[in-house]
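Biologist: I'm new to this one. Please put it up on the screen and walk me through it.

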Amino acid sequence: MAALLDVCDLHAAYGPTRVLHGVNFSLEEGSITALLGANGAGKTTTLRALCGMVKTQGEVRYAGQRIDGKATEDIVRLGIAHVPDGRGTFVNLSTEENLRLGAYVRKDKSKLAEDFERIYGYFPRLKERRHQQAGTLSGGEQQMLAVSRALMLRPKLLLLDEPSFGLAPLIVKEIFEIMRGINKTEKVSILLVEQNAAMALDLADRAYLIETGNVVLSGTSSEIKQNEAVRRSYLGY
Ligand SMILES: Nc1ncnc2c1ncn2[C@@H]1O[C@H](COP(=O)(O)OP(=O)(O)OP(=O)(O)O)[C@@H](O)[C@H]1O
Ligand SMILES: [Mg+2]
């Protein structure tokens, strides 16, 4: 399959602080690809770099087109939806208002009603809570909302930053199963950033390990799971 995303020699810095030092990876169309790594490795920065939210050097190709240097808004319009760490929920708005914002740049607004039903089909709990103020949703519900808001864009590529953060394993499992379903049925490609390596490797087809701003290991999920160093440092067995 062709690469939907191709990242070549990506550097990123916050002012004088260099964080990514020439990251290379690619994501096949239709795949779930995981970026793993410890705290501070540069995972969040990588997603922010893809979205044009941090100053970068190097090449990012999406569906064959260079997107490095483009404005975030233009990148979103190409079908890349970012679920940031901390979820980016508008806490004073209702569930439904948050979802409506997710469709902000969509042109085919006529299909919105259909999309609300599609999303509520995946996450019935959000339907029950559609008029509830988003800030009062539980952590798991807020994560579901964050993912749903991104799906309202009808993205081709979903960038997920630590969706498991702070959630109980059962809720994480539920959300990951839904992600798997969306990947299979809607053919949404997913780039999943996770510290929870075990769960991420169960979901993903391929994975890359980032350490201090460099990719140090890549392979299929089963290859990465077998790796001695990964087992010791990230899987704990
Ligand atoms: N706005 C910023 N200004 C300066 N340095 C930053 C900024 N954001 C992140 N950094 C630094 O960049 C490095 C990588 O951070 P990043 O958030 O990308 O790591 P991460 O892999 O996502 O870590 P975590 O698993 O803790 O979320 C860290 O050393 C961090 O301190
Ligand atoms: Mg992070």
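Biologist: Which residues of α7 are exposed?

Modeller: Quick ground rules: this is a predicted model, where local features need pLDDT of at least 70, side-chain atom pairs count only at pLDDT 80 or more, and totals for chains, interfaces and linings use all residues. Residues are numbered from 1 along each chain as its sequence is written, while chains are lettered from A and ligands numbered from 1 in the order in which they are written. A residue is exposed with 12 or fewer other C-beta atoms (placed from the backbone) within 10 Å of its own, buried with 20 or more, and partly exposed in between. On the side of α7 away from its buried residues, the exposed ones are Leu-170, Glu-177, Gly-181, Lys-184 and Thr-185.

Biologist: And the buried ones in α7: how wide an arc do they cover?

Modeller: The buried residues of α7 are Val-172, Ile-175, Phe-176 and Met-179. They sit on the same side of α7 because, going by the directions from the helix axis to the C-beta atoms, they cover an arc of only 100°.

Biologist: How far does α7 reach from its first C-alpha to its last?

Modeller: α7 takes in residues 169–186, 18 residues in total. At 1.5 Å a residue, 26 Å is expected, and α7 comes close to that, with a reach of 25 Å.

Biologist: Which residue follows α7?

Modeller: Look just past the end of α7 for a positive phi, near 60°. The residue with that phi is Lys-187.

Biologist: What covers the buried residues of α7?

Modeller: One of the covering elements is β8 (189–194), the strand where Ser-189 is found. Ser-189 is itself buried, with 21 other C-beta atoms within 10 Å. Along with β8, the cover includes α6 (139–151) and α8 (197–203).

Biologist: Now the strands: which ones are at the edges of the open sheet?

Modeller: The sheet has 4 strands in the order β2-β1-β4-β5, with antiparallel pairing. An edge strand pairs on one side only, which here gives β2 and β5 (65–66).

Biologist: How many bridges join β1 to β2?

Modeller: β1 (residues 3–14) and β2 run antiparallel, with Tyr-14 opposite Thr-17 in β2. The bridges joining the two strands number 9.

Biologist: Last one: which element gives the most to the shell around ligand 1?

Modeller: Among the residues that come nearest to ligand 1 are Tyr-14, Asn-39 and Lys-43. Both β2 (17–28) and α1 (43–50) supply at least two residues of the shell. The biggest giver, with 3 residues, is α1.

Conventions:
The expected span of a helix is 1.5 Å times one less than its number of residues. Two residues are in contact if their C-beta atoms, placed from the backbone, lie within 7 Å. A residue is near a molecule or strand if its C-beta atom, placed from the backbone, lies within 6 Å of it. Two strands pair if DSSP finds at least two bridges between them.
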